[in-house]
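User: Could you take a close look at the enclosed spaces inside this protein for me? I would like to know what lines them.

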Amino acid sequence: MGKHALLSPSGADRWMTCPGSALLTKDLPEETSEYAQEGTNYHLLAQLCLEQEKDALEFVGMPFEDETVVTEENAEYVQIYIDHIRQETAKGGTVVIEDKLPLAQITGEKDAEGTSDCTIIRDDVVVVRDLKFGRGVAVKAENDRQLKMYALGAIEKHQMWDLVKEVDLGICQPRLTSEISQVTIPIDELKMFKQEVQIVARPILKALQTGEKLPLNPSEKACKFCKAAKAGICDALTLTVRNAAEEGFENLDEPKIIQTTKGPVTVSEADRLGEMMKLADLAEIYVKGVRAAVESSLLASKPVTGYKLVQGRKGPRQWTKEEVAEEILKKKRVKQEEMYTFKLITPTKAEKKWAKAKPTWWAELEGNISQSEGSISVAPTEDPRPAYAVTPMESGFEESVEDLF
């Protein structure tokens, strides 16, 4: 029986760039949140669909263990992943859903395992697919350490080092985009990555035995999902943010000039804003960690000077048991139109019901469907979504002052 890896594929961006974080987080409890649970639930739904050869919409209304139910909207998102996996499996090969992969030979961590959402083994190609159900951080398959570690684990598990010529890596993130981020890399590149992993992993595993401190290198990528950052206990992150706060943000109205070997160079406003944005991202992570630490202390009845817990506004009223309220209203002979609220069928249900059975009906209905545009937000350049094209606003004051007199 394997164990959840300390040097896990999902945390590779963190511990490979900030080795000290592995030691700092090793004794911290696993995190739980409604977003993490939602991801777990819909990974389970995807697994059920693929194993039972059903579509996700067939499970709408099914309860999960946390008592939430499969929604129509999220089922549509999961279906994008399912359709892609079915396209890949149609090309042949051995398919393993929720594939338990050995990592000990890759990182050196005894009995460590990772789980690939889907692995497909073909004659000389290993295919790895990962479903990411979050909508906050876009991820590309290119240079993705998590996928590469899964590929290494799959080759190790199936003893294919002498057979594989390349690995096909892909990420499906349906709540951000319907496109699948894919990249194919040769086996030699993957072997080089294995060496890189081992070079970073060895001192971490040694430090776990000796207690030696390893470097902490705060960055947005390393800190975003780091338990130590979220708990507000990373001194390196605290120092980085405090230094930035003490120095303050630069005044963009004043040019910044740096000395180089070729003489003074003026730093562009774009570069300066980019650097400040990186600090802003780190500061936000730090602030969230501090708030979490304060809340945790107060919930444990530990005082925090200047702060207390308060209860927010109550939620909306609802029937404790709908069937009891329904029975009471029936006894009072209340009319149905006064008891119930009827709602028109959704476009998704209409398409499933009539697109094939009544194509002429669906053609008429389809012309009456609209969809709101996604909101505009700032994202790193490497985000796989296309850049939003901004149309410059016209001032409306094209005439010069002289023309007015």
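Analyst: Happy to! Please keep in mind that this is a predicted model. Let's start with the second largest cavity, whose lining is made up of His43, Ala46, Gln47, Leu50, Tyr81, Ile97, Glu98, Asp117 and Leu131. Two elements, α3 (34-52) and β2 (94-102), each give two or more residues to this lining, and α3 has the largest share, with four residues. By class, five of the lining residues are nonpolar, two are polar and two are charged. The space inside comes to about 50 Å³.

The count of cavities of 30 Å³ or more is two, and the largest has a volume of about 70 Å³. Around the largest cavity sit Arg14, Cys18, Ser21, Leu216, Asn217, Pro218, Ala222, Cys223, Cys226, Ala229, Cys234 and Ala236. That lining divides into nine nonpolar residues, two polar and one charged.

The cysteines there deserve a word. Zero disulfides turn up in a search of the whole structure. For Cys18, the nearest cysteine sulfur belongs to Cys234 and is 6.2 Å away. Cys18 has a relative accessible area of 6%, so it counts as buried. Cys226 is likewise in no disulfide, and its nearest cysteine sulfur, on Cys223, lies 6.2 Å away. Cys226 is buried too, with a relative accessible area of 6%.

For an open space to set beside these, the second largest pocket has a volume of about 1100 Å³. Its lining has 28 residues, with Leu176, Gly374, Ser375, Arg385 and Pro386 nearest the centre; by class, 14 are nonpolar, 10 polar and four charged.

Conventions. Residues numbered from 1 in each chain as written. Predicted model: local features only at pLDDT ≥ 70, side-chain atom pairs only at ≥ 80, totals over all residues. Heavy atoms only, no water. 1 Å grid on protein atoms, 1.4 Å probe; cavity = no way out; pocket = protein on both sides within 12 Å on 5 of 7 lines; lining within 4 Å. Points joined across faces, edges and corners; volume = space filled by probe spheres on them. Nonpolar A, V, L, I, M, F, W, Y, C, P; charged D, E, K, R; others polar. Disulfide = S-S within 2.5 Å. Buried < 20%, exposed > 50% of the residue type's maximum accessible area, 1.4 Å probe, protein only.
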